[in-house]
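Here is a friendly walk through one protein model, from its interior out to its charged side chains and loops. Keep the structure open beside the text as you read.

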Amino acid sequence: MSAHEPPATLAAFFTDGRLTSIPRKPARRTALLDHLARTLFDPERSYTEQEVNAALLAVHSDTSMLRRYLVEALLLTRTRDGSSYRLAGTAPADAPAAPAGPDGAQPSAA
């Protein structure tokens, strides 16, 4: 299996490297989104929305849907204004940690 090739459990959703359908079962959808996040995005950098769309376009034409699913699944985080995206759990070395809300919870990624 190459770095971009889907695992056998997800192969049925791809044809010639392109995503042909989105799994309905939550566990499979989560596995698919995790695969896309790990293979399409570098944890060491931030991406503009256009760069995220270009990466997602390599596998599926509905980039806004996939981008939204990745953010909702907490696999990609974005700035409040939507100008920058990163893999979740990664932050630039010089970026301060996001402040917790009044209840101690982290702010929403979406």
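## Before we start

Please bear in mind that this is a predicted model. The tour begins with the nonpolar interior, then turns to aromatic rings, charges and turns.

## The nonpolar core

A good place to start is the largest nonpolar core, which has 25 residues. L19, L36, F41, L66, L70 and L76 are the members with the most contacts inside this core. Helix 1, helix 2, helix 3 and strand 4 (85-87) are the elements that give two or more residues to the core. As general background, nonpolar side chains in soluble globular proteins tend to be buried together.

If you would like one residue to click on, try L66. Leaving aside neighbours within four places in sequence, L66 is in contact with L19, I22, L36, L56, V59 and H60. Two of the names on that list, L19 and L36, also appear among the core residues with the most contacts.

## Helix 3, an enclosed helix

Helix 3 covers residues 63-72. Because seven of its 10 residues are buried, helix 3 is largely enclosed by the rest of the structure. The buried residues are T63, M65, L66, R67, Y69, L70 and V71.

What do the buried residues of helix 3 pack against? Their partners are strand 2, helix 1, helix 2, strand 3 and strand 4.

## Aromatic rings and the charges over them

The structure holds one aromatic pair. The partners are F41 and Y47, whose rings meet edge-to-face, with 5.2 Å from centre to centre and 80° between the planes. An angle over 60 degrees counts as edge-to-face, so the 80° between these planes earns the pair that label. Both partners are buried: F41 has a relative accessible area of 4%, and Y47 has one of 8%.

Y47 also has a charged neighbour, since R45 lies over the face of the Y47 ring at 4.0 Å from the ring centre. Elsewhere, the charged end of R29 sits over the ring of Y69, 4.6 Å from the centre of that ring. Y69 is one of the buried residues of helix 3.

## Salt bridges

How many salt bridges does the structure hold? There are three. One of them joins the side chains of R38 and D34, at 2.9 Å from N to O. Both residues lie in helix 1 (residues 26-40), four residues apart, which is about one turn of the helix. R38 is exposed, with a relative accessible area of 54%, while D34 is partly exposed at 30%.

Another salt bridge forms between E51 and R45, with 2.9 Å between the closest N and O atoms. E51 is partly exposed, at a relative accessible area of 33%, and R45 is also partly exposed, at 33%. R45 thus takes part in this salt bridge and lies over the face of Y47. There is also a salt bridge between the side chains of R67 and E49, at 3.6 Å from N to O. Since R67 belongs to helix 3 and E49 to helix 2 (residues 49-57), this pair ties together parts that are 18 residues apart in sequence. R67 is buried, with a relative accessible area of 14%, whereas E49 is partly exposed at 28%.

## A side chain that reaches the backbone

T39 is found in helix 1. A polar atom of the T39 side chain lies 2.8 Å from the backbone oxygen of H35. Is T39 buried or exposed? T39 is buried, with a relative accessible area of 16%, which is under the 20% that marks the cut-off for buried.

## Two loop residues with positive phi

Two residues other than glycine are worth a look for their backbone angles. D16 has a positive phi, near 50°. D16 sits in the loop between strand 1 (14-15) and strand 2 (18-19), and counts as exposed at 79% relative accessibility.

L74 has a positive phi too, near 65°, and comes just after helix 3. The loop that holds L74 runs between helix 3 and strand 3 (76-78). Although the helix before it is largely enclosed, L74 counts as exposed, at 56% relative accessibility.

Notes:
Residues numbered from 1 in each chain as written. Predicted model: local features only at pLDDT ≥ 70, side-chain atom pairs only at ≥ 80, totals over all residues. Heavy atoms only, no water. Phe/Tyr/Trp six-rings, centres within 6.5 Å; stacked < 30°, edge-to-face > 60°. Buried < 20%, exposed > 50% of the residue type's maximum accessible area, 1.4 Å probe, protein only. Lys NZ or Arg CZ within 6 Å of the ring centre and 35° of its normal. Salt bridge = Lys/Arg side-chain N within 4 Å of Asp/Glu carboxyl O. Polar contact = N/O pair within 3.5 Å; in protein donor to acceptor, adjacent residues only side chain to side chain. Core = buried A, V, L, I, M, F, W, Y, C linked by side-chain atoms within 4.5 Å. Contact = heavy atoms within 4.5 Å.
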